Amino acid sequence: MSIANISIMDFFYPPDHIALSAKDLEVTYADGVKAVKGLSISFPKKATTAIIGPSGCGKSTALRAFNRMNELIPGTVTRGEVRFHSKNIYDPAVDPVTVRTKIGMVFQKPNPFPKSIYDNIAWAARIHGLKGSCDELVESSLKKAALWDEVKDKLKKSALSLSGGQQQRLCIARTLALTPEVILMDEPTSALDPLSTASIEELTTELKKDYTIIIVTHNLQQAGRISDMTAFMLLGDLIEYAPTKKLFVNPEDERTERYITGRFG
Amino acid sequence: MQNPAFDADVAAIDELMVLMAAKVEEAVLKASHALKTQDVDLYKTVKNADGEIDKLQLQIEDHVIELIATKQPVASDLRKLLSVFKLAADFERAGDYAVHLAKATKLFVHEPQWHQLERIATMADLGAQMIHGTAQAYKQRSSALARQTALLDDEIDHAHKALVQDTLAFLMQYPEQAERATRIITLSGHLERLGDHMTNACEAIVFMVEGIHADLNE
């Protein structure tokens, strides 16, 4: 079968292969702007899905809705469902803090705590109840984030002394320390140079063996390089969702075509 | 909606491609005319044109490589560039066949009994029609015209088979004419291949426009 002929049905994932799914998800901000309009989408397990779209299309808002981060923005109203392990994470009985450990997030700008490299990882784990030595956790998290070799001899140094790319990998290590299943990434390389970007991209390829990754990116080539599935959003709507190879060779929707070929707006 | 920088580059490639196709079509028609009229001098013209055709192919390829390297095209832009690459190669081969045809004229001068040359010339005219149709289909981004053009390949194939059979029968009767007879068969084979190359080019145009791999050689 040719790449161009792959249909979404060939990539139908049975329910136990879905890590996270949204149904009729709507997010409205305090000023009445509806940023996400009835989004329904399923993310396959242990795969990377990229969400692309022009600024203001609702992709970052949708991403934050996947681990209840929008609740931290006053006046935001979320409707619909986000299902994780067959439970709606918006169910009143669900604790949002637990949700955010299982569905972690990495942000656009590296935001390490102004503490040592060691404490950046140990601190979050301690808050979540880890007692005793954190040495093992710090080492394994840094190894998973491909940072251990670079920092093992200076764990007590300030995290802020690291380069941008290293800081971002530290933030990923901090997320991994909480043993998440899904990692949400909101333009994680937009503040990084090409080499640091390459290291983060390589890392996501490694991490998807054990985790489900959903990444919002403005960099279309990045979506092409690292993702298995790509979702294109426009003005709060999901326009097209397809295997990345299909979407970048022969998109179904004219609006997708115009956006990815740089002819939109 | 436009992507002006990219579209201007593609327009420049379009111009080169149309020019290249026109030169190839002209070369095939001239070769056909040379065979029909025993005009040996036309060979030089066709040979010189082939040098220009080869240069145009390289120019087109360079454009495509630069665009892929600098603009990272996707979707229809990517399909367009990849199809252009294939088309240029197919046109270049067609130009080579025109040279072979024109070159053969020398062998048949003062040999008016070789009526097979008329049939070769007719096949060459069909080939020129395919080249013309392919170039138009590309220019107009018309997969329908590409599909229609590829149908001409059947006519060339039939003509080729019939000519080979007749020439073999002739060869058994006049074995001393083996050199010229085998040359007729070779030329017929070249034109059959020319038809195949234009069919491939038409398939590339369908991929460019529709994003599907069509088999137009059925």
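Here are some short exercises on a predicted model of two chains, A and B, each with a worked solution.

**Exercise 1. Confidence**

Find out how the predictor rates each chain and the complex, and where chain A scores below 50.

*Solution.* Let's start with the averages. Chain A has a mean pLDDT of 92, and 95% of its residues score at least 70. The weak spot is residues 1-10 of chain A, where the pLDDT is below 50. In the model, that stretch still makes 15 contacts beyond near neighbours in sequence. A word of caution fits here: where pLDDT is low, the predicted coordinates should not be read in detail.

Next comes chain B, with an average of 94 and 99% of residues scoring at least 70. Within chain B, helix 5 (residues 143-150) has the highest confidence, at 98, and helix 1 the lowest, at a mean of 94. For the complex, the predictor gives an ipTM of 0.76 and a pTM of 0.85.

**Exercise 2. The side of chain A that touches chain B**

Describe which elements of chain A supply the contacts with chain B, and of what class the residues are.

*Solution.* First, count the residues: 16 of chain A are in contact with 13 of chain B. Second, assign the chain A side to its elements. Helix 8 (220-226), helix 9 (244-249) and helix 10 (254-260) of chain A each provide at least two residues. Helix 10 of chain A gives the largest share, three residues. Third, sort by class: the chain A side holds seven nonpolar, six polar and three charged residues.

**Exercise 3. The four-stranded sheet of chain A**

Work out the strand order, the edges and the pairing in the open sheet of four strands in chain A.

*Solution.* Begin with the order, which is 2-1-4-5, with antiparallel pairing. Strand 2 (34-44) and strand 5 (87-88) of chain A each have a single partner strand, so one side of each lacks a neighbour in the sheet.

Now follow strand 1 (residues 18-28) of chain A. On strand 4 (residues 77-84) of chain A, strand 1 finds an antiparallel partner over seven bridges, and A:Lys23 has A:Glu81 as its bridge partner there. Eight bridges join strand 1 of chain A to strand 2 of chain A, again antiparallel, with A:Leu25 opposite A:Leu39. Five residues lie between strands 1 and 2 of chain A in their hairpin, where A:Gly32 takes a positive phi near 90°.

**Exercise 4. The six-stranded sheet of chain A**

Do the corresponding analysis for the open sheet of six strands in chain A, ending with the pair of strands 9 and 10.

*Solution.* The order is 6-7-8-3-9-10, and the pairing is mixed. Strand 6 (103-106) and strand 10 (237-243) of chain A form the edges, pairing on one side only. On average, neighbouring strands of this sheet are turned by 20° against each other, direction ignored.

At the strand 10 end, strand 9 (residues 229-234) of chain A pairs with strand 10 of chain A over six bridges in the antiparallel sense. Two bridge pairs help to place the register: A:Met229 with A:Pro243, and A:Phe232 with A:Glu240. The two strands form a hairpin with two residues between them, and A:Leu235 in the turn has a positive phi of about 50°.

**Exercise 5. Helices of chain B**

Test whether helices 1 and 7 of chain B have the expected span, then classify the packing of helix 1 against helix 4 of chain B.

*Solution.* Take helix 1 (residues 4-37) of chain B. At 1.5 Å a residue, its 34 residues should span 50 Å, and the end C-alpha atoms are 49 Å apart, which agrees. After helix 1 of chain B comes B:Gln38, with a positive phi near 55°.

Helix 7 (residues 178-210) of chain B has 33 residues and reaches 48 Å between its first and last C-alpha, close to the expected 48 Å. Just after helix 7 of chain B, B:Gly211 has a positive phi of about 75°.

For the packing, helix 1 of chain B meets helix 4 (residues 116-140) of chain B at an angle of about 170°, with the axes 9 Å apart. Angles over 145 degrees count as roughly antiparallel, so helix 1 of chain B is roughly antiparallel to helix 4 of chain B. Their contact has 16 nonpolar, four polar and six charged residues.

Key:
Residues numbered from 1 in each chain as written. Chains lettered and ligands numbered in written order. Predicted model: local features only at pLDDT ≥ 70, side-chain atom pairs only at ≥ 80, totals over all residues. Contact = placed C-beta atoms within 7 Å. Nonpolar A, V, L, I, M, F, W, Y, C, P; charged D, E, K, R; others polar. Expected span 1.5 Å × (residues − 1). pLDDT = per-residue confidence, 0-100. Axes fitted to C-alpha atoms, helices over the stretch in contact; angles between N-to-C directions. Parallel < 35°, antiparallel > 145°, perpendicular 65-115°, else oblique. Pairing = 2+ DSSP bridges.
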